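Welcome! Here is a short briefing to read alongside the sequence and the 3D view, one topic at a time.

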Amino acid sequence: MLQFIAQTNERYSVAETVQMAIEGGCRWIQLHLPDLTDEDIKTMSADIIALCRDAAAFLMIEDRHELAKELGLHGVHLTSVTDKSAAAIREELGPEAVIGVEVASAAAVMALRSADIDYVTLPSDMAVGEIAELVSTVRDAGIETPIVATGDISPEDALIYMAAGVSGIATGKPLIEAKDPIKETELMLSTLSNNK
């Protein structure tokens with residue numbers, strides 16, 4: 001699984017980065033726009049929503065679950081949440097929404113077991129050894145929630161993370177800053193599909 005993290009960039013608009021990720025084959029887009037206001041996001045979102053709709057791609061936003069609901073996005077990725085707040089957001093967005101949560105420990109994954117989330121991501125500064133240990137602990141506990149590594153992960157680095165047992169990669173900058181973002185996205189998807 002590849003989750004493309006769309007963010008502001010000096011070379012391209014956010015919509016252009018989304019379009020290139022989609023042209024490269026990615027069907028899961030997450031808007032990471034912490035420095036923009038809700039109004040800014042609403043203004044830019046029409047093009048992005050249309051791109052994702054036409055490509056049958058999931059479109060999510062980070063942390064702003066009210067905005068996700070207002071814009072009719074597929075879901076929300078939460079970077080700071082408890083099991084109770086995750087459950088409340090699930091109730092607000094409904095059963096069809098995709099909800100992801102950033103966690104920093106196996107205990108945090110286990111605490112979210114009853115919150116009906118769809119996946120977890122790990123902090124970008126978590127070492128690969130720690131990731132492997134967390135994945136092993138969670139799987140040994142019988143929890144099958146997908147675990148996604150996040151950060152500035154290149155296709156070459158993705159192999160290391162997949163070997164640690166993660167279900168997918170969430171990244172953006174290395175793809176968009178590549179000489180050919182579309183080909184780099186294709187390479188990342190190929191790397192992930194060949195190393196399941």
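## A helix tucked inside

Of the 10 residues in helix α1 (residues 14–23), 7 are buried, so the helix is largely enclosed by the rest of the structure. Keep in mind as you look around that this is a predicted model. The points below start with this helix, then turn to two cysteines, a threonine and a proline.

**Helix α1 and its surroundings**

- If you would like to pick out the buried residues of α1, look for Val14, Ala15, Thr17, Val18, Met20, Ala21 and Ile22.
- An α-helix has 3.6 residues a turn, so residues three or four places apart point the same way.
- Several elements help to cover the buried residues of α1, including the strands β1 (2–6) and β2 (28–31).
- Helices also take part in this cover, among them α2 (38–55), α8 (173–176) and α9 (181–193).
- After α1 comes Gly25, and its phi is positive, near 110 degrees.

**Two cysteines without a bond**

- How many disulfides does the structure hold? The number is 0.
- Cys26 is in no disulfide, and the nearest cysteine sulfur, which belongs to Cys52, is 8.9 Å away.
- Seen from the other side, the sulfur of Cys52 has its closest cysteine sulfur in Cys26, and 8.9 Å is too far for a bond, because a disulfide needs the two sulfur atoms within 2.5 Å.
- Cys26 has 0% relative accessibility, so this residue counts as buried.
- Cys52 counts as buried too, because its relative accessibility is 1%.

**Thr121, a residue in a strand**

- You can find Thr121 in strand β6 (residues 119–121).
- Is Thr121 buried or exposed? With 2% relative accessibility, Thr121 counts as buried.
- The side chain of Thr121 is joined to that of His77 by a polar contact of 3.2 Å.
- Beyond its neighbours within four places in sequence, Thr121 is in contact with His77, Val101, Glu102, Val103, Val148 and Thr150.

**Pro146, a residue in a loop**

- Where does Pro146 lie? Look in the loop between α6 (128–140) and β7 (147–150).
- Pro146 counts as partly exposed, because its relative accessibility is 28%, and the partly exposed class lies between under 20% for buried and over 50% for exposed.
- Setting aside neighbours within four places in sequence, the contacts of Pro146 are Asp118, Tyr119, Val120, Arg139 and Ser167.
- From Pro146 to His65, the separation is 81 residues in sequence and 21 Å in space, C-alpha to C-alpha.

How values were computed
Residues are numbered from 1 along each chain as its sequence is written. This is a predicted model: local features need pLDDT of at least 70, side-chain atom pairs count only at pLDDT 80 or more; totals for chains, interfaces and linings use all residues. Side-chain values use heavy atoms; hydrogens and water are left out. Buried means under 20% relative accessible area, exposed over 50%, partly exposed in between (1.4 Å probe, protein chains only). Helices (H or I, at least four residues) and strands (E, at least two) are DSSP runs, numbered from the N terminus. Contact means heavy atoms within 4.5 Å. A polar contact is a pair of N or O atoms within 3.5 Å; within protein, one must be able to donate a hydrogen and the other to accept it, and residues adjacent in sequence count only if both atoms are side-chain atoms.
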